[in-house]
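Me: I've got a structure on my screen and I'd like to learn how to read it. Can we go through it feature by feature?

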Amino acid sequence: MKKLIYWGLGGVTMALLSFTPKVNQDLLDLQDPTIEDIVKSYKKAISEWPKPNIDYGVKWQEFSPIKTDSAYFTEQDKPNVILGKMLFFDPKLSQSNQISCSSCHDPEMGWSDRRHVALGNNHLQGNRNTISLYNIAERNLFFWDGRAKTLEEQAAGPLGAHHEMAMDVKTLPAKIQALKGYKPLFKNAYGDEKVTYDRIVKAIADFQKTIKSQPSRFDKFLEGKYNALSDEEIYGMHVFRTKARCMNCHSGQYLTDESFHNIGLTYYKRKYEDLGLYTITQKAEDVGKFKTPQLRDLMLTQPWMHNGLFGDLEGVVNMYNSGMHMIDPSAETKLKDPLYPVTDPLLKPLKLTKEEKQALISFLEALSGTKYKMRRPEFPVE
């Protein structure tokens, strides 16, 4: 009788296992997965990948590939883009006639300047790192503190700032109007030769929107070319999605949540203090928050962080690995000083191994694919 019961239970168990959904079977197979198992779990449709570690309430999007911009050369031939390109590279938009938008957003330097912080008029330094223009059309707010809602609004910042281009934007239209070479460019773009500030910044914005990343090996992998990434890079992507918790802020097609976070680099009440989003909102909870940068082509845009603190990925990974909560205020300190910044709770000590950190770095390096570097145009000189 006992044998019959055992045989019956065994049969039921086998039947249940045979009908176990494939995804659950995969999980059974990966109870103690090897790196080989993990790599294999990603060489399939994205919908079948292991789910990322995402905290409750966090809005995220799955990875998706970018495509080669097939309309790039057509866009570059549009009159408004041609005008915007000329203005972008022309130093005559500055008070000194020596600084252009491209001084800080250099196409040969990943549309950034490779400096810790920007250098402008009279060699004055700013206090923040220059944000690359790659995929700028996909952003919803601009500057590290999000103070501009459009690219046109953003243009007013560097044009008029005394430590950047130091131009009196009220006199800028007349200055450009006096240059004969710009007359046909404005006419082609707007129908007449009249130069206005709004037309200037709109043309510059139209040009900037054409600056896009080119697909990387990461994109090829997402499209099903599974030999595009090495096993270490694939494992690093898994670490990025899971133990390293990166996807809580860096997800989607451009690997950003388009939001703001305090990652512990405020330097509160110390030299180099920067209160970030708080300077715009005046809300205590925004002290030290900065915009999450997109990670496309990040190997072309170092140094990183709002203050250019890190020039190598090892330093970045080690910082996040620490969790950055060592500088959080005590309850008593916070009560006395409501503005005292607290590191975002999304950051936690990661306890990554040496191998996991190296794999993560390898994956991050694989996100860069842009090789084309735009030539500088011959803008009007008189």
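Reply: Sure. Keep in mind that this is a predicted model. Let's begin with a cysteine: Cys104 is buried, at a relative accessible area of 11%.

Me: How far is the sulfur of Cys104 from the closest cysteine sulfur?

Reply: For a disulfide, two cysteine sulfurs have to be within 2.5 Å. The sulfur of Cys104 has its closest cysteine sulfur in Cys101, at 9.1 Å, so that is too far for a bond.

Me: And Cys249, is that one buried or exposed?

Reply: Cys249 is buried, with a relative accessible area of 12%. Its sulfur is 8.9 Å from the closest cysteine sulfur, the one in Cys246, which again is too far for a bond. The count of disulfides in the structure is 0.

Me: On to the rings. How many aromatic pairs are there?

Reply: There are 20 aromatic pairs in the structure. To read one, look at the distance between ring centres and then at the angle between the planes, where over 60 degrees counts as edge-to-face. Take Phe221 and Tyr226: the centres are 5.3 Å apart and the planes sit at 70°, so you call this pair edge-to-face. Phe221 is buried at 1% relative accessibility, while Tyr226 is partly exposed at 26%.

Me: Which aromatic cluster includes Phe221 and Tyr226?

Reply: They form one cluster with Tyr42 and Trp49.

Me: Can you show me another pair, and where its two rings lie in the chain?

Reply: Try Tyr268 and Tyr340, an edge-to-face pair with 5.1 Å from centre to centre and 65° between the planes. Tyr268 is in the loop between β1 (260-261) and α13 (278-281), and Tyr340 is in the loop between α15 (331-336) and α16 (354-365), so this pair ties together parts that are 72 residues apart in sequence. As for cover, Tyr268 is buried at 12% relative accessible area, and Tyr340 is partly exposed at 26%.

Me: What sits over the ring of Phe143?

Reply: That's the charged end of Arg147, 3.6 Å from the centre of the ring.

Me: Now the charged pairs. What's the general idea?

Reply: Side chains of opposite charge can pair when their charged atoms come close. The cut-off used here is 4 Å from a Lys or Arg side-chain nitrogen to an Asp or Glu carboxyl oxygen. By that rule the structure has 22 salt bridges.

Me: Where are Lys212 and Asp69 in the chain?

Reply: Their side chains meet in a salt bridge, at 3.9 Å from N to O. Lys212 is in the loop between α10 (197-208) and α11 (217-222), and Asp69 is in the loop between α3 (35-42) and α4 (72-76), so to speak a link between distant parts of the chain, 143 residues apart. Lys212 counts as partly exposed at 40% relative accessibility, and Asp69 as partly exposed at 25%.

Me: What about a salt bridge within one helix?

Reply: Look at Lys202 and Asp206, whose side chains meet at 3.0 Å, N to O. Both lie in helix α10, 4 residues apart, or about one turn of the helix. Lys202 is partly exposed at 37% relative accessibility, whereas Asp206 is buried at 12%.

Me: Which residues are joined into one network by salt bridges that share partners?

Reply: Arg128, Asp145, Arg147 and Asp274. You've met Arg147 already, over the ring of Phe143.

Me: Are Asp90 and Lys92 buried or exposed?

Reply: Both are buried. They form a salt bridge too, with the closest N and O atoms 3.0 Å apart.

Me: Let me zoom out. How is the chain divided into domains?

Reply: Domain 1 covers 35-66 + 215-366, and domain 2 covers 71-209. Their C-alpha centres lie 30 Å apart. The contact takes 25 residues from domain 1 and 21 residues from domain 2.

Me: Last one: how many residues of helix α12 are buried?

Reply: A residue is buried when its relative accessible area is under 20%. In α12 (residues 231-241), that holds for 9 of the 11 residues, so to read it plainly, the helix is mostly covered. Among the buried ones are Ile234, Tyr235, Met237 and Phe240. The buried residues of α12 pack against α3, α11 and α16.

Notes. Residues numbered from 1 in each chain as written. Predicted model: local features only at pLDDT ≥ 70, side-chain atom pairs only at ≥ 80, totals over all residues. Heavy atoms only, no water. Buried < 20%, exposed > 50% of the residue type's maximum accessible area, 1.4 Å probe, protein only. Phe/Tyr/Trp six-rings, centres within 6.5 Å; stacked < 30°, edge-to-face > 60°. Helix = DSSP H or I, 4+ residues; strand = E, 2+ residues; numbered from the N terminus. Lys NZ or Arg CZ within 6 Å of the ring centre and 35° of its normal. Domains from an automatic or database assignment. Contact = heavy atoms within 4.5 Å.
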